[in-house]
Every structure is written in C-alpha cells, then in structure tokens.
Amino acid sequence: MEKPSTLLVHFDKGTPAMANEIKEALEGSDVAAKVDAMKRAVMLLLNGETLPQLFITIVRYVLPSEDHTVQKLLLLYLEIIDKTDSKGRVLPEMILICQNLRNNLQSPNEYIRGVTLRFLCRLSNPEILEPLIPSVLVNLEHRHPFIRRNALLAVSSIYRLPNGEQLLPDAPELVEKTLGSEQDPSARRNAFLMLCNCSQDRAVFYLLSNSDRVTEWPDLLQMAVLELIRKICRTNRPDKGKHIKIIISLLSSPNTAVVYECAGALVSLSSAPTAIRAAADTYCQLLSSQSDNNVKLIILDRLNELRAAHREVMSEVVMDVLRALSSPNPDVRRKVLDIVLDLVSPKNVDEVVLFMKKEVVKTQAGESDKDSGGEYRQMLVKAIHACTVKFPEVAGSVVHLLMDFLGDSNVASAIDVVLFVREIIETNPKLRVSMIQRLNDTFYQIRASRVCSCALWILGEYSLSLTEVQTAISTIKQCLGELPFYSSEETEQVSDGSKPAQQTLNPTLISSRRPVILSDGTYATQTAASESFNITPSILPGQKNAPNLRSLILSGDFFLASVVSSTLTKLVLRLDEIQTSKTETNKAFTESLLIMVCILQLGESNFAINGIDDDSKDRIVMCVRLLCNTGDELRKVWLESCRVSFARMLAEKQFRETEELRAKAQISHAQCDDLIDFYHLKSRKGMSQLELEDSVQDDLKRATGEFTRDSDDANRLNRVLQLTGFSDPVYAEAYVTVHHYDIVLDVTVINRTSSTLQNLCLELSTMGDLKLVDRPQNYTLAPESSKQIKASIKVSSTETGVIFGNIVYETSNVFERNVVVLNDIHIDIMDYILPGNCDDVAFRNMWAEFEWENKVAISTSIKDEKEFLNHIIKSTNMKCLTPPSALDGECGFLAANLYAKSAFDEDALVNVSVEKQADGKLSGYIRIRSKTQGIALSLGDKITLKQKADRI
C-alpha cells in the first residue's frame, strides 16, 4: 500500500546505490561523501526501499554533524522514515530523534533553528511533538525574523492536528499577542493566517480594530485579509458592508496583485452599483498599466464576466476598455472589440465609432505593424459593420472612409468592406447616391476578384438614376479597356508557340506527408514523392499595366466576366426604362453585346490561359439572348427580384439576431409566494450608501431567485454515476462536475459491512487527454458509515476520455487486501462543445485550411430531412449557420453547415448532406473538420451514436 508523502525527488533508477556503500560513506569523516550518501539514502527510501540498518549509523555519525547541508538532509531523512509500528505506536528509537530536534531548536545557528521548525510542520506524531513544544514557543520571541516566521508556522500546524488543542491550548492567544508586536511582513502574515484558520473570531477582531491602518500593511498581509473577508462574507452576510469598506480602501494599494484581488472580491461579494463600478474602473486601470499580454487577456476575461452580469455599469467604462486596442497583440484586440460591441448603446455609439474610425486611419497611415495591420483593419471593419447594423444613423460618418479600403492588399479586409457597403446601401437609402458615386470613383483601385464581383453587383442593383447608370457603364468600360481583348497579331504569336508557350514549366520534386482517411474511417499518414510543375503564366500582350477588370479576365477569371455581363445587362435594361433617347439606348445595347461577345471569343481562343467554363459561358449567352429579346417578366426578375431577395435575407438575419438576444435576456423568476423585502421600508440608520445599495441588490437577487438559481437538484441527479453494485461491500457513486479545464469527481463511499475498513483508498487512472492532479489519501471507515472523497482531473483538449479505477481496503486481517472494481466514467465531449457564430467567409477559409476530416455515413430511421438535421444539432450542441429560409421547401435534398467552438478555443466544422431515397430512407454523409484529430474523431463517434436514435 502506498503512503502519503510530503517530498518528491527525482531518482535515476539506472544508478542504484547499495546500502553497504552508503553505510561506509556515512561512517567516514568526509563531509562531501556524507552529503552524497544521505542524498542516495533519501532517494532509495522515496522509491520503496526500507534500509532499517542505516538508522543507528545515522544516529551515531550524522546527528553530531554541524554541517548545514548534512543537517538539512538529515531532516529530510527523518521526514520519510516510518516513525510508528504496525499498530500505530511511536518507535522507541524516536526518543533519540526528539533529543536531537530539541538541541536544534536551541542551536545558536539561525539556519538550523529555522529548518528544524519547518520540519516540525510536517510531523503529525503527538508523542514526538509534545516534548518539543516549550522550545518552539521560545522561538516565537527570537530576535531573527526567519526563526519567528517558521515558529509561527510550526505552532499553526501543531494546533491544527487532531489533538492539537491539547498540545497547545493557548496557541491563538500567544499568536495574537505576537501579531500585535511583530514587524516582519512574512511573520505577520503567518500569524494572521494561523488566526484565520484556527481562531477566526480573533482574526476578525484584529482586522476590525486595525481597519484604519489596513492600507499601510504589507501586501502579503493584505492578501491574507482579502481571503479572510471572502470567507466571512460567505457565512455572515449581515456584516458584509463593513468588510467591503476595507476592500475599497485597499483599491489604492500600490501592489497590482492586491488591487486585482480586491476587484475580484468586490464582484464576488457585492452587487451594488458603486462596488461594481469601482471594480470595473480598477480592471480598466490594470488593463492600461500592464504590458504583459497574458495579464491583459486575464483582465479582459474578468471584464467580460462583468459585462454579462452588470451591463449597465460596464457601458460607462466602454471607452476605457477601448484604449486597450493600443496593444499590438491580435488576441487582446479581438477580445476588446468583442466586449465593446456588446456594450454599444445609443449613448456611446458615436464615441465608439469615432474611436474605431481613428484606429482605421492609423492603419492606413502605417502607424501599426505592417504584418498585423491588415488583420487589425479587418477586425475594425467588422466591428464598425456591427455597430452600423445596430445603429444605422452612424453609417454615414464611416462608410466613405471605409470605401477607400476596397483596393486593400489584404483581400479579407477588402471583402469585409465591400460586404459592409452592400448592407449599408440597402439599409440606408439616404446614403445611396453618395455611396454609388464613391464606388464609381474608387472602383479602378480594386484588384481582388471577389471584391470586384460584389462591387459590380452593387452598381448593377443600386444605380437608379440616368446619370448613375451612365457613369456605371462608363466605369466598367474603362476598367475593361479597349476591345477586343487581343488583336490578330497577338493571336498569331500565341498560335506559333501554342498554349504551352505561354507558361513556364519548372519541374520540382515534392515530398508530402499528410493524413489520409482509410476505408474504415481511420487515419493513416501517406508519404508521396511526385514531380510537380510550377506553372508561371507569362505576361500576356495587353495585360501589363492593364485596368483591373481586363487584367483579371485575361488571367482566366471568367466567373468575374460573367458578373460583368450580368451587371451590364441590368444597367442597360434600366437605361432602356429611364432614357428618352432611343439612339443612346441602342448604342448602350450594342456596346454591351460587343463586350460579351469579346469575352466569349476570348474564352474560346488559344489566347486565354484557361478556357471558359460551361457555367460562365451559359450565363453570358443568357445575357446576350436577353438583350436581343427582352420581355416584361424577365425585366422584372433582373431589375427587382434580386434586390428584394437581398432585403429579405437582411431582414431574416436581423430577426434571428433579435431572437437570440431575446432568448439570452430571459431570466427565471422566483415563485409567486416567495418572500419579498421592500427596501423603502428598511431602516437606514447607521448604513452607508454602499451598504444600502448592497442590501438592496441582495433583496432584488432574493426576489428574482438568483440566489437559488444554481441549485438545480434535478440537474445534479442527472450527473450522479453509480460506480459499484448494491451487493458490493463498498458502495460508491460519483457526482461529476465539469469546468472549463478540469473535472471534479465528488465520490461518496459507503461501508455496507459490519466491520471497520482500514486504509481505504480510491485509486483512479485515466485514458485520453486527462491527467489525475492528486491521489486521494487513505481513510478508515466505521461500519455503515460514509465518506466524501474528492478527486481533481485536468483536461488538456476536447477529446472523449475515460476514467477507471478501483477501491482498495483492508479489514482486521492486515495481510489481506480487498479490491472493488469501479464502473468506467466516460467524459462526454458535449461538456466542452459550445455553439458559436461564424460568417460564411471564415467558415469556408477554415474548411479549406483544416486537414483533419471525419466522414460519417448517415444511417437512421428518421424519415424527414429537417427533423434529422434538428436531431444532429441538438445531439452535437452546435449552431446551424445555414439560414432557415435556405432550408425551406421539399426537394428531397438538404445541405447545411454547423459550427461550434470548444472550451479550449478549438473550431469544429460540420457539413450535413442528406438525400431522401425512393424508399423514403435518408442517405448521405456528415463531414467533420477540425484542426486537431481528437475533436474530429470524438465528434464523429458522438454523431454515430446519436444518429441511430429515432428521436430525442
């Protein structure tokens, strides 16, 4: 049976030491050899050796040594060896040890005294400690602070022993007297902690009698004061006000650790607006004064918690939080913007948007880091976009500035800008004219194909007046350049060398290693060496220094060419409605048709690097036919239906966001017959403003049921797992509490026998990314009695884990060990999966980037596609990114994207593709992608298990 140990030393098992060699070294006079021998003896004892023959040798040759290192190792040796026999009685030879310890406690050397006092803190044998108590108490008044602080620790540990009050009955009184006269900070802290743990009333009396001088105390003692106040206020709420005053006075401490703990204590103990505002101001000051990014992230987490519980107070400090954007760290900036966006209100939206507008200008001026400037600008654009969606009236102050970034080299940032422009031009009709004019002026700067496509759609849909339509057509023609896209001489140059002449082929041997999915769904690593050709397209004639649309189309982007054709079609059709001159209209028709024919000719020629694809070709041909033969129904579809669909999509998106906010705002209330206190009738005598506010908030919490909201007995019962059978001699069940990064097992063990169980131990082991933090100690269980055993397990990643183990105990026959095997505890991955928000662009980027994929075949008895999708969403705790309108209708096929984020900030992407067969059964695949293997496999196993259920 393993025993608890207070010492852990690394031991290299490859070099074991023999007991005889150690004995010879200890008997010699060489101090260095004795030190080495003692170290080897300690290591052997820690690794299970007994070495009983060394004890007398150490007493004879090591005890008299005056070397400090030898004495320190001697104390370690004494800490490890068995001091009692099998019946628990102290061994007779320990009398020799007591005499040596008494001599050390009276030694003229301060170091020997101090380490001996520290050693006594780890002894639990009253027979050894009792003769040493007078020497320990004498050291409380020693002149050296090192000895006094260790003496206080020794007194505290002795008093906390099971029989400690008999060994030191007047310990609290002595420590309180010492605390009043002590000047050393560490000694004062040790004395105060002893009173907190052993005589809390004395500690509270000392604190209240010196409350005016708490700000002058050393930071170590102030931290102990905060811990005491937390403990008091949880058990004695009526006296909370006077203690909160002490916390607020400590907010002015020069030590940042004390200030941080004060803010946390205020939030946990009080809901008064004054206290919360003081805590928020403190966090903001720390956020601006600390340079460590990890500290900033921790403080932002605390501010985020405040935001969720005290939104009104946090709205007042939103500008202080925004100042943290000066940090170059992208994680800090992202968290700051997330907090601020949730706190934007009509009162502060102008200030917030103005601040972010200035930050955007800084990125344009090159004041931020070049590498992170584009990413930071993208964050700011998204934040401003979110603000303008909530408060459309501020859009006019920023939209024109952001449109300067349509030609940004950071494509992701430019895409966010053009999507922002597209939404604002629909939701803010007053800005339409100026935005269209600005877009025409800046269109030539755009170099990204996706940005060009969206900008062309905006021009085609929102150019309504005659001038706007003519300007848009002129802009497109200028960006396309002269027609045709190539001349006959250029065609001859291309035909002479055929298509490969336009490309430079550089053969390169490439070795790649990547995971592949086998037929059974498992992963393997595939290594392949292949000869790859780096295709470098040559600069085509007419492409160098060409306008943006011409350059992109000549490079083979025929999807953009189809967008150009559809935009010209819309503009010409609208021109036909508003232009009175038929000559101008016919001219526009002819020029548009010429552009489309030239694009088709380019796609079919040898001049293009890539030939035109069928979809783009069909779309351009459709535009040509439409311009040659237009009808009223087709005009309505092209000129009105697109914009109506886009407006409906925005309205649906706004409705979903509103519903989510409304669902989050729902608060459970207390029962109708619960007691309510009316604070207007409270006696205000002797109460400060802070105490009155805190009392009012407590009453409101009590009235709304917030004090009892967490005590959900039904939910607790669902998490109770039976570990043993009812017929086992030891019954055990566990209540599993899952936090973000650790799991707490609260195991109840019941002795169902009529005999006493000795050395009962809960032995646990884990499988997966789980780690047992500490091993539970041994217990003795009386007949029919029970014991609560807690075990903590650290979690390092989102992966299904298993906890297994057994209970070992001894009966009256000490030579017989009994083992009860426990049921396995499976840690559900759903405890770490949280629904998250993700836009379509980010989802597609992550889908292309993540290399771990798990493909699960659909096998279910559910007949309806939507019902199956809802079943998967509920089973996986994920959010469906596909809007409900896209899932409407009955077509026998359904495709949807799901997204979630784990507690470890891991992204989980799921694509569900379902098809209804002729026999009514569902078929298809569920594809899961993630950056790590664990979450992909675990989520796949969960879906495989859950999809077989008919309904949830």
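# A walk through the chain, starting at threonine 882

Leaving out neighbours within four places in sequence, threonine 882 is in contact with Leu887, Ala895, Ala896 and Asn897. You'll find threonine 882 in the loop between strand 15 and strand 16. Is this residue buried or exposed? Threonine 882 counts as buried because its relative accessible area is 15%, and the cut-off for buried is under 20%. One of its contacts is worth a second look: a polar atom of the threonine 882 side chain sits 3.0 Å from the backbone nitrogen of asparagine 897.

Before going further, keep in mind that this is a predicted model. Let's step back and take in the whole chain. It holds 39 helices and 18 strands. Of its 952 residues, 45% count as buried. Now take the contacts in the chain with a separation of 6 or more: residues 24 or more positions apart account for 66% of them.

Back to the strands around our starting point. Strand 16 covers residues 893-902, and you can follow its pairings one by one. How many bridges join strand 16 to strand 17? There are 9, and the two strands run antiparallel, with strand 17 spanning residues 907-916. As an example of who faces whom, phenylalanine 893 stands opposite glutamate 915 in strand 17. Strand 16 and strand 17 form a hairpin with 4 residues between the strands, and there aspartate 905 takes a positive phi near 65°.

Strand 16 has other partners too. Strand 15, which is residues 879-880, is joined to strand 16 by 2 bridges, and this pair runs antiparallel. Here lysine 879 stands opposite tyrosine 899 of strand 16. Then there's strand 13 (residues 833-835), linked to strand 16 by 3 bridges, again in an antiparallel arrangement. In that pairing, isoleucine 833 has serine 902 of strand 16 as its bridge partner. When you look at strands like these, a general point helps: in a regular strand the side chains alternate between the two faces of the sheet.

Now move to another set of strands. Strand 5 (residues 742-751) and strand 9 (residues 786-795) pair in the antiparallel sense over 9 bridges. Find valine 747 and look across: isoleucine 789 in strand 9 stands opposite. Strand 9 is also joined by 3 bridges to strand 7 (residues 770-772), and these two run antiparallel. There, lysine 771 has lysine 794 of strand 9 as its bridge partner.

Time for some helices. Start with helix 4, residues 68-80. Its 13 residues reach 19 Å from first C-alpha to last, close to the 18 Å expected at 1.5 Å a residue. At its N-terminal end, aspartate 67 acts as a cap, with a side-chain oxygen 3.1 Å from the backbone nitrogen of threonine 69. The buried residues of helix 4 include Val70, Leu73 and Tyr77. What do the buried residues of helix 4 pack against? The answer is helix 2 (31-46), helix 3 (54-61), helix 5 (94-105) and helix 6 (110-120).

Next comes helix 16, which runs over residues 256-269. With 14 residues at 1.5 Å a residue, helix 16 should span 20 Å, and its end C-alpha atoms are indeed 20 Å apart. The buried residues in helix 16 are Val258, Val259, Cys262, Ala263, Ala265, Leu266 and Leu269. These cover an arc of only 165° around the axis, so they lie on the same side of helix 16. Why can residues spaced along a helix share a direction? An α-helix has 3.6 residues a turn, so residues three or four places apart point the same way. At the start of helix 16, a side-chain oxygen of asparagine 255 comes within 3.0 Å of the backbone nitrogen of alanine 257.

Helix 27 (residues 449-462) makes a good follow-up. This helix has 14 residues and reaches 20 Å from its first C-alpha to its last, close to the 20 Å expected. Of those 14 residues, 12 are buried, so helix 27 is largely enclosed by the rest of the structure. Among them are Val451, Cys452, Cys454, Leu456 and Tyr462.

Last stop: the cysteines. Cysteine 387 is buried, with a relative accessible area of 1%. Cysteine 838 is buried as well, at 16%. A disulfide is a covalent bond between the sulfur atoms of two cysteines. How many disulfides does the model have? The count comes to 0, taking a disulfide as a pair of cysteine sulfur atoms within 2.5 Å.

Technical notes. Residues are numbered from 1 along each chain as its sequence is written. This is a predicted model: local features need pLDDT of at least 70, side-chain atom pairs count only at pLDDT 80 or more; totals for chains, interfaces and linings use all residues. Side-chain values use heavy atoms; hydrogens and water are left out. The expected span of a helix is 1.5 Å times one less than its number of residues. Buried means under 20% relative accessible area, exposed over 50%, partly exposed in between (1.4 Å probe, protein chains only). The arc is that of the directions from the helix axis to the C-beta atoms. A polar contact is a pair of N or O atoms within 3.5 Å; within protein, one must be able to donate a hydrogen and the other to accept it, and residues adjacent in sequence count only if both atoms are side-chain atoms. Two strands pair if DSSP finds at least two bridges between them. Contact means heavy atoms within 4.5 Å.
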